[in-house]
Amino acid sequence: MPRPRQPRLTRQLIVETATALIDAEGLPAFSTRRLAAELGVRGPSLYNHFATKDEILDAVADTVTGAVDTGGFTGRDWVAALRDWAWSYRRALTAHPNIVPYLAQGPGRRPAALAMADAVYGGLVRAGWPPARATHIGAALRYFVAGSALGSFARGFVEDPELYAAHYPHLRDAHRLAEHQQSVDEGAFALGLDALLHGLAAEYARTVDPVRTAGAVESTGPNG
């Protein structure tokens, strides 16, 4: 009986298989040898498509980033754009948390990552934020989103009521957190994001709006 033919090796197949491996086994366990074995090929076959392991990781990372929606930054409401981007970014990262430490190193030369940074920075500058402040805002949101995707606060507590009852009376209900992981983690993210955005909106009203308003008045002249 003839053996089933293996699918033709392509960049897309390599990236999809690498992503699945990293999701399942973690970043430290990932290697080109392990990837080649999963694909049923010899290691050198991979190098017809990617020169190094880091190039494969770059492609995986960029595929994850490519799922993030930055469309809101084409509009005029920078607060809504930041909110939508942060939630979309978090969804992309929490779907593939094991690649987050690699993503946290920065965009490098990855096209989707650079396009995302360009969209966020450009949208904030068009809204009137000074370039330096736009950089700070993008960085702050990225820190916040990446940190939230690295782990689960709720899953960090063991389901052992006696542990808390004996020594940590203020945590007497902590053993129940794990069963409510999604609502706890998403609620914490929503609260933190709201606090960040409210603070930025107040800063915008205090520092950017007066300058933009003054500039508009000066440009119209005394007769409007």
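Where is the place of S152? I looked this up first in the predicted model. I found S152 in the loop between α8 (131-150) and α9 (161-167).

**Entry: S152**

I checked the accessibility of S152 and noted a relative value of 14%. Since buried means under 20% relative accessible area, S152 therefore counts as buried. I then looked for polar partners of its side chain. A polar atom of the S152 side chain lies 3.0 Å from the backbone nitrogen of R155. Leaving aside residues up to four places away in sequence, I recorded that S152 touches Q181 and D185.

**Entry: P130**

I turned next to the other end of α8. P130 is placed in the loop between α7 (111-126) and α8. I noted a relative accessible area of 39% for P130, so I entered this residue as partly exposed. From the C-alpha atom of P130 to that of L150, 20 residues apart along the chain, I read a separation of 30 Å.

**Entry: annotated spans**

I consulted the UniProt record, an unreviewed entry, for this chain. The record assigns "domain: HTH tetR-type" to residues 8-68. I looked up this span in the model and found 67% helix and 0% strand, with the end C-alpha atoms 29 Å apart. The same kind of lookup was made for a second annotation. According to the unreviewed UniProt entry, residues 31-50 carry the label "DNA-binding region". I found that span to be 60% helix and 0% strand, and its end C-alpha atoms lie 13 Å apart.

**Entry: helix α1**

I examined α1, residues 11-25, which has 15 residues. From first C-alpha to last, α1 reaches 21 Å, close to the 21 Å expected at 1.5 Å a residue. I listed its buried residues as I14, V15, T17, A18, T19, L21 and I22. An α-helix has 3.6 residues a turn, so residues three or four places apart point the same way. The buried residues of α1 pack against α2 (32-39), α3 (43-46) and α4 (53-66). After α1 comes G26, for which I noted a positive phi, near 95 degrees.

**Entry: helix α4**

I applied the length check to α4 as well. Its 14 residues should span 20 Å at 1.5 Å a residue, and the end C-alpha atoms are 20 Å apart, which agrees. I recorded I56, L57, A59, V60, A61, D62, V64 and T65 as the buried residues of α4. Their cover includes α1, α2, α5, α6 (100-103) and α7.

**Entry: aromatic rings**

How many aromatic pairs does the count come to? I obtained nine, taking rings with centres within 6.5 Å as paired. For the pair F73 and W85, the ring centres are 6.2 Å apart and the planes stand at 70 degrees, so I entered the pair as edge-to-face. F73 lies in the loop between α4 and α5 (78-95), whereas W85 lies in helix α5, so the pair ties together parts that are twelve residues apart in sequence. I looked up the accessibility of each partner. F73 has 3% relative accessibility and counts as buried. W85 also counts as buried, at 3% relative accessibility. I followed the ring pairs further and noted that they link F73, W85 and Y89 into a cluster.

**Entry: a charge over a ring**

Over which ring does the charged end of R90 sit? I found the ring of F189, with the charged end of R90 5.1 Å from its centre.

How values were computed. Residues numbered from 1 in each chain as written. Predicted model: local features only at pLDDT ≥ 70, side-chain atom pairs only at ≥ 80, totals over all residues. Heavy atoms only, no water. Helix = DSSP H or I, 4+ residues; strand = E, 2+ residues; numbered from the N terminus. Buried < 20%, exposed > 50% of the residue type's maximum accessible area, 1.4 Å probe, protein only. Polar contact = N/O pair within 3.5 Å; in protein donor to acceptor, adjacent residues only side chain to side chain. Contact = heavy atoms within 4.5 Å. Expected span 1.5 Å × (residues − 1). Phe/Tyr/Trp six-rings, centres within 6.5 Å; stacked < 30°, edge-to-face > 60°. Lys NZ or Arg CZ within 6 Å of the ring centre and 35° of its normal. UniProt positions renumbered as here; feature names shortened; annotations may be inferred.
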